[in-house]
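Biologist: I should like a close look at a single part of this model, namely its aromatic pairs. Please describe how the rings are arranged and what surrounds them.

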Amino acid sequence: MNRYIVIKGWEGFCDRLQCLSEAIVMSQRFNRILFVDWEDRIWSHDRSGFYRYFNLVDLPYVTSAERIPNNIDVFPPFWRRGLGMPADEWVHKLKEELVFDALEGRHFEPVWVHPGVGFRTYDFGELVKHLRLSFETLEEVKPLLDKAPLDLPVVHLRGTDRAVSEERWSLLRTAAPVACVISDDAALARRWSNESPDSVVLSDTLIEGSTGGHKLDPNAIKQFGLTKHQMNIRLLADFMVLARARDAYALNEESVFFIMARLFGACGGVAAVLQPSPAAVILPTCRDGFSFEYRGRL
C-alpha cells in the first residue's frame with residue numbers, strides 16, 4: 001500500500017517554507033508521497049494553491065486530496081473528517097489534536113497530516129533541491145527581478161503590526177542611504193522614499209493599515225484594487241530579491257521573512273528555484289485508480 005504525507009499551509013510564506021521543508025525530509029525518509037495543501041484563505045484564490053505557483057522535482061507527489069484513497073487510516077485522527085479541509089485560525093486552538101512527531105517512527109497509518117503550525121525543524125538545503133517555480137510563475141516573477149538594481153543594497157522594511165525603532169531606522173539610513181526597498185508597510189516605504197528619493201521601492205502592492213496585505217483574504221484585497229495573485233507574485237519576487245542580495249538590512253531583525261530569505265539565498269535557493277521544471281510523469285500507485293506525479297531534474 002502507498003503511504004502519503006499531507007502538509008497544510010497557514011500563516012506567512014516563510015512559516016510555510018519551514019513546514020514544507022520538514023515535510024519533504026519526512027517524505028523521503030519514510031518513503032511517502034507528498035501532497036502540499038495551501039488551499040487556505042491566506043494563500044489561495046480561485047482554487048489556485050501551491051501547485052499554481054510551484055513544482056516539485058525528484059520526489060513523488062499528488063496535487064489533490066482526491067488523489068489519496070479516502071478509505072485508509074489517517075494520523076492524527078482529527079483529519080479523518082476530511083483530508084481536503086483547508087487550515088484556518090482554528091489550527092492554533094487545536095494544536096494538541098493535530099501535532100505528531102513522525103521522526104519518532106511510532107505512527108504507521110498510511111496517511112500523515114502535518115498541520116503547518118507549531119514547532120518544526122527545517123532544512124533549506126534540502127528544500128532547494130526539490131522546489132521550483134512553475135513555468136507560469138517564473139514568467140511573471142522574472143521581469144520583477146530584472147527591475148531590481150543589483151548594485152544597490154536591499155533594505156527590508158517590516159512594519160504593519162510590528163513596532164518600528166527610530167534608532168534602528170537611523171542605523172539603516174546610515175548603512176544604506178540609497179537602497180533597493182522591499183516592504184509590507186505603505187507608510188514606511190513612503191517615508192523611506194521621502195528621505196531617500198534616489199532609492200528604488202520595489203514593493204508595489206502595499207496596503208495602508210496595520211495588517212500585512214499578504215494575510216488578507218481575496219475579498220478583502222479586492223477593495224484595494226488588487227488580487228491575491230498579484231500579492232503572491234509580488235511576495236515571491238520580493239523574497240527572491242532579498243535572498244540574492246549581496247548586502248541586505250532589516251528594520252526588524254527578528255523578521256522571519258528576512259531571516260529565511262537570507263538563508264534561502266545562502267543555500268543557493270534563487271538559482272535553483274528559477275530553473276525550469278521538466279514535465280510531470282504520471283505513475284500508477286499500487287492501488288487501482290490512483291496515481292502520483294514525478295518530475296526529474298533537467
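**Aromatic pairs and their setting**

Modeller: In this predicted model, F13 counts as buried because its relative accessibility is 5%, under the 20% cut-off. W38, at 1% relative accessibility, likewise counts as buried. The structure holds 21 aromatic pairs, and F13 and W38 form one of them: the arrangement is edge-to-face, with 6.4 Å centre to centre and 85 degrees between the planes. F13 belongs to helix α1 (residues 13–29), whereas W38 is in the loop between β2 (33–37) and α2 (50–53), so the pair ties together parts that are 25 residues apart in sequence.

A further pair is formed by W169 and W192. Their ring centres are 5.4 Å apart and their planes stand at 70 degrees, so this pair is edge-to-face. W169 lies in helix α7 (residues 166–175) and W192 in helix α8 (residues 186–195), so the pair ties together parts that are 23 residues apart in sequence. Both W169 and W192 are buried. In addition, R191 lies over the face of W169, at 4.1 Å from the ring centre.

As to the wider setting, F13 is, with L34 and F54, among the residues with the most contacts inside the largest nonpolar core, which has 79 residues. Helix α10 (residues 228–244) gives the most to this core, with nine residues. Apart from this core lies another, of ten residues, including L172, A176, A179 and L188. Returning to the largest core, L34 touches residues including I5, I7, L20, Y51 and Y61, leaving aside residues up to four places away in sequence.

Conventions:
Residues are numbered from 1 along each chain as its sequence is written. This is a predicted model: local features need pLDDT of at least 70, side-chain atom pairs count only at pLDDT 80 or more; totals for chains, interfaces and linings use all residues. Side-chain values use heavy atoms; hydrogens and water are left out. A nonpolar core is a set of buried Ala, Val, Leu, Ile, Met, Phe, Trp, Tyr and Cys residues joined through side-chain atoms within 4.5 Å. Buried means under 20% relative accessible area, exposed over 50%, partly exposed in between (1.4 Å probe, protein chains only). Helices (H or I, at least four residues) and strands (E, at least two) are DSSP runs, numbered from the N terminus. Contact means heavy atoms within 4.5 Å. Rings of Phe, Tyr and Trp (its six-membered ring) pair if their centres lie within 6.5 Å; planes under 30 degrees apart count as stacked, over 60 as edge-to-face and the rest as tilted. A charge sits over a ring if NZ of Lys or CZ of Arg is within 6 Å of the ring centre and within 35 degrees of the ring normal.
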